[in-house]
Amino acid sequence: MIKASCHCGAVQMEIETAPDTVNDCACSICRRKGALWAYYSPKQVRVLPPSGATSIYMWGDKMIEFHSCKICACSTHWTAADKTFDRMGVNARMMDPEVLAAARVLKTSGPD
Ligand SMILES: [Zn+2]
């Protein structure tokens, strides 16, 4: 189990495994956030507190909720609006630097 947290510590995540790869996504939102996404099943990630500590941003087709800490504004994770969708993204920049350094960075270009 590894831990991740935003800068101020209001948002904590407990994650089953360290990521082998992280995605440096070049879509219109991810490139602005500067996030490196590690993908998991929501069953593998415990977000604490489960709600209330983050602001949610949605855009376009509103399929994805981008969460950022209400206090320090770090982009912490995204979840699908459809809660049956078995995938979420954790911003690996919230993980310890050693954990991120051990992961391979993939680059994808988003559709927009
Ligand atoms: Zn914070």
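1. A good place to start is tryptophan 37, which is buried, with a relative accessible area of 2%. Keep in mind as you look around that this is a predicted model.

2. Which residue does tryptophan 37 pair with? Its partner is phenylalanine 66: the ring centres lie 6.3 Å apart and the planes meet at 50°, so the pair is tilted. Phenylalanine 66 is buried too, at a relative accessible area of 6%. The contact joins distant parts of the chain, since tryptophan 37 belongs to strand S4 (residues 37-40) and phenylalanine 66 to strand S7, 29 residues apart. The count of aromatic pairs comes to two.

3. Tyrosine 39 also deserves a look. The charged end of arginine 87 sits over the tyrosine 39 ring, 4.4 Å from the ring centre.

4. Now for the metal. Cys6, Cys8, Cys69 and Cys72 coordinate the zinc ion, each through SG, at 2.3 to 2.4 Å. The angles among the four donor atoms run from 106 to 116°, and the site is tetrahedral. For comparison, the ideal angle for four tetrahedral donors is 109.5 degrees.

5. How are the donor residues of the zinc ion spaced in sequence? The pattern is C-x1-C-x60-C-x2-C. Cysteine 8 and cysteine 72 link distant parts of the chain, 64 residues apart: cysteine 8 is in the loop between strand S1 (2-5) and strand S2 (12-15), and cysteine 72 is in the loop between strand S7 (64-69) and strand S8 (75-80).

6. Are these two cysteines buried, exposed or partly exposed? Cysteine 8 counts as partly exposed because its relative accessibility is 37%. Cysteine 72, at 24%, counts as partly exposed as well.

Definitions and conventions:
Residues numbered from 1 in each chain as written. Predicted model: local features only at pLDDT ≥ 70, side-chain atom pairs only at ≥ 80, totals over all residues. Heavy atoms only, no water. Donors = N, O, S within 2.8 Å, 3.2 Å for Na, K, Ca; no water. Tetrahedral: all angles 85-135°; square planar, octahedral: opposite > 155°, others 65-115°. Helix = DSSP H or I, 4+ residues; strand = E, 2+ residues; numbered from the N terminus. Buried < 20%, exposed > 50% of the residue type's maximum accessible area, 1.4 Å probe, protein only. Phe/Tyr/Trp six-rings, centres within 6.5 Å; stacked < 30°, edge-to-face > 60°. Lys NZ or Arg CZ within 6 Å of the ring centre and 35° of its normal.
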